[in-house]
Amino acid sequence: MSQFGATITGTGSSVPEHRLTNDDLARMVDTNDEWITQRTGIKERRIAKDGETTASLGTAAARKAIEAAGLTPKDIELIVVATITPEMVFPSTGCYIGAALGIPGVPAFDMSAACSGFIYALATGANFIRAGQYKNILVIGAETISRVTNYKDRGSCILFGDGAGAVVLSRTTEPKRGLLYNSLHADGNGGDVMVCPPGSRKPITAEMIAEDGQYMTLRGREVYKFAVTKFEELIHDAMTKCELTVDDVTLIVPHQVNQRIIDSAMSKLGFAAEKAYVNIDRYGNTSAASIPLALDEAWRAGKIKPGDHLVFVAFGAGLTWANAVVRV
Ligand SMILES: CC(C)(COP(=O)(O)OP(=O)(O)OC[C@H]1O[C@@H](n2cnc3c(N)ncnc32)[C@H](O)[C@@H]1OP(=O)(O)O)[C@@H](O)C(=O)NCCC(=O)NCCS
């Protein structure tokens with residue numbers, strides 16, 4: 001056991017101004033507001049304009065988190081960014097964010113665990129703090145999923161939006177404070193249900209682009225079945241490991257994948273629906289950004305107080321899945 005814990009001292013988020021509504025999508029593909037609302041809970045999502053990027057959204061979210069923590073960028077000693085839509089293949093998005101924050105020399109790197117990415121990054125950052133190496137670090141989830149979305153494919157384009165969320169993780173010596181528990185999982189055998197091909201296996205070619213092969217594809221129904229079971233298991237595991245009852249959990253901040261998946265887990269575990277913080281109606285699925293974006297909204301809305309227990313839960317491409325319990 002480390003003498004140090006890692007606790008969230010500030011949160012921030014940023015989304016593009018441009019809204020893409022279900023009615024807008026119904027003019028682009030064969031879909032409609034009623035179908036999207038009933039099947040997913042999504043009403044609109046934000047889409048980055050030219051010049052708005054994963055790093056610019058991540059930087060804006062980071063600035064707010066740093067301010068909320070009562071710190072300045074100079075206090076930050078490490079930047080960990082979870083993203084599957086990085087600024088470029090390289091340099092990392094973290095390097096761009098470090099430069100934009102004016103903190104050259106501060107280590108920065110990206111992590112790729114799709115929609116589970118924020119919890120992976122949180123766990124990684126917390127371990128640097130527990131090891132005693134750093135006191136204040138930035139953990140960011142930032143995405144411009146619209147850049148890899150095929151707006152001719154109604155099965156995927158209705159689901160995703162762009163945005164970023166960030167937290168400052170700081171050293172604490174208070175017992176039972178901060179990240180109390182987390183578990184991370186992956187199974188690459190299930191990888192082909194959600195893929196975005198360009199890379200070493202399939203470099204971008206003119207032929208690939210002619211067939212829209214540079215965009216992500218997903219088999220939504222299969223993901224749904226996997227997610228609905230995992231979601232419930234992960235929340236149950238988090239509560240069991242931390243000996244928390246339904247009443248002890250203040251708020252569940254789930255990956256914003258589908259309102260039905262969230263509702264199903266909440267009812268099976270005996271939670272009131274309001275115990276899950278949901279903003280999928282306004283932002284859709286923002287992948288690694290979705291948990292910190294929801295967390296920041298809940299925090300700023302006064303829904304989170306010192307001593308509260310929060311449960312984070314996510315799953316995504318990989319396949320990956322993860323959970324975390326944080327005591328504020
Ligand atoms: C994508 C998702 C909303 C689809 O909902 P679903 O209830 O599983 O719907 P299905 O895929 O079974 O499709 C039902 C019907 O609606 C149709 N449909 C699919 N997309 C549609 C759309 N955008 N608008 C209207 N109809 C649509 C299908 O063609 C199908 O028609 P059929 O019955 O005539 O064959 C749901 O499966 C989901 O949320 N999956 C997880 C999302 C995900 O992968 N997220 C990323 C990883 S975290």
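Is Thr72 buried, partly exposed or exposed? I began there, bearing in mind that this is a predicted model. Thr72 comes out as partly exposed, because its relative accessibility is 41%, and the cut-offs are under 20% for buried and over 50% for exposed. I found Thr72 in the loop that runs between helix H3 (54-68) and strand E4 (79-82). I also looked up Leu101: the two residues are 29 apart in sequence, and their C-alpha atoms are 9.5 Å apart in space.

**H3 and H4**

Next I turned to the helix that ends just ahead of that loop's residues, H3 (54-68). How do the axes of H3 and helix H4 (residues 93-101) cross? I get roughly 55° for the crossing, with the axes coming within 9 Å. That makes the pair oblique, and I noted the crossing as right-handed. On the H3 side, the contact is made by Thr54, Ala55, Gly58, Thr59, Ala62, Arg63 and Ile66. H4 brings Thr93, Tyr96, Ile97, Ala100 and Leu101, so Leu101, which I had paired with Thr72, turns up again here. Sorted by class, I have seven nonpolar, four polar and one charged residues in this contact.

**Two cis peptides**

Which residue pairs up with Pro91 in a cis peptide bond? It is Phe90, and omega of the bond is near -5°. Pro91 belongs to the loop between E4 and H4. I logged another cis bond between Gly318 and Leu319, with omega about -5°. Leu319 is in a loop too, the one from strand E12 (309-316) to strand E13 (320-327).

**Thr37**

Back towards the start of the chain, I checked Thr37, which is part of helix H2 (residues 33-40). Its relative accessibility is 26%, so I put Thr37 down as partly exposed. Leaving out neighbours within four places in sequence, I list Asn22, Ile42 and Lys43 as its contacts. I also took the C-alpha separation from Thr37 to Val257: 13 Å, for residues 220 apart along the chain.

**H8 and H9**

Then I went to a second helix pair. Two packed helices are described by the angle between their axes and the distance between the axes. For helix H8 (residues 220-241) and helix H9 (residues 259-268), I have an angle of about 40° and axes 9 Å apart. Oblique is the word for H8 against H9, and their crossing is right-handed. Which residues meet there? From H8 I wrote down Tyr224, Ala227, Val228, Phe231, Glu232 and Ile235. Facing them in H9 are Arg260, Ile261, Ile262, Ser264, Ala265 and Lys268. The class tally for this contact is eight nonpolar, one polar and three charged residues.

**H11**

Why do I call helix H11 (residues 290-300) largely enclosed by the rest of the structure? Because nine of its 11 residues are buried. I list the buried ones as Ser290, Ile291, Pro292, Leu293, Ala294, Leu295, Asp296, Glu297 and Ala298. Asp296 and Glu297 are on that list, and both count as charged. Just after H11, I noted Gly302 with a positive phi of about 75°.

**Positive phi outside glycine**

Two more loop residues went into the notebook for their phi values. Lys176 has phi near 55°, positive although the residue is not glycine. I placed Lys176 in the loop between strand E7 (163-172) and strand E8 (178-186), and at 66% relative accessible area Lys176 is exposed. Asp212 has a positive phi near 60°, and this residue is not glycine either. Its loop lies between helix H7 (206-210) and strand E10 (217-218). With a relative accessible area of 21%, Asp212 counts as partly exposed; the buried class stops at under 20%.

**UniProt domains**

Last, I looked up the record. The unreviewed UniProt entry puts a "Beta-ketoacyl-[acyl-carrier-protein] synthase III N-terminal" domain at residues 109-188. I get 22% helix and 38% strand over residues 109-188, with the end C-alpha atoms 22 Å apart. UniProt also gives a "Beta-ketoacyl-[acyl-carrier-protein] synthase III C-terminal" domain at residues 240-327, again from an unreviewed entry. There I have 31% helix and 23% strand, and the end C-alpha atoms of the span lie 15 Å apart.

Conventions:
Residues are numbered from 1 along each chain as its sequence is written. This is a predicted model: local features need pLDDT of at least 70, side-chain atom pairs count only at pLDDT 80 or more; totals for chains, interfaces and linings use all residues. Side-chain values use heavy atoms; hydrogens and water are left out. Helices (H or I, at least four residues) and strands (E, at least two) are DSSP runs, numbered from the N terminus. Buried means under 20% relative accessible area, exposed over 50%, partly exposed in between (1.4 Å probe, protein chains only). Axes are lines fitted to C-alpha atoms, for helices over the stretch in contact, and angles run from 0 to 180 degrees between N-to-C directions. Angles under 35 degrees count as roughly parallel, over 145 as roughly antiparallel, 65 to 115 as roughly perpendicular and the rest as oblique. A crossing is left-handed if the near helix is turned anticlockwise from the far one by less than a right angle, and right-handed if clockwise. Contact means heavy atoms within 4.5 Å. UniProt positions are given in the numbering used here, feature names are shortened, and annotations may be inferred rather than shown by experiment.
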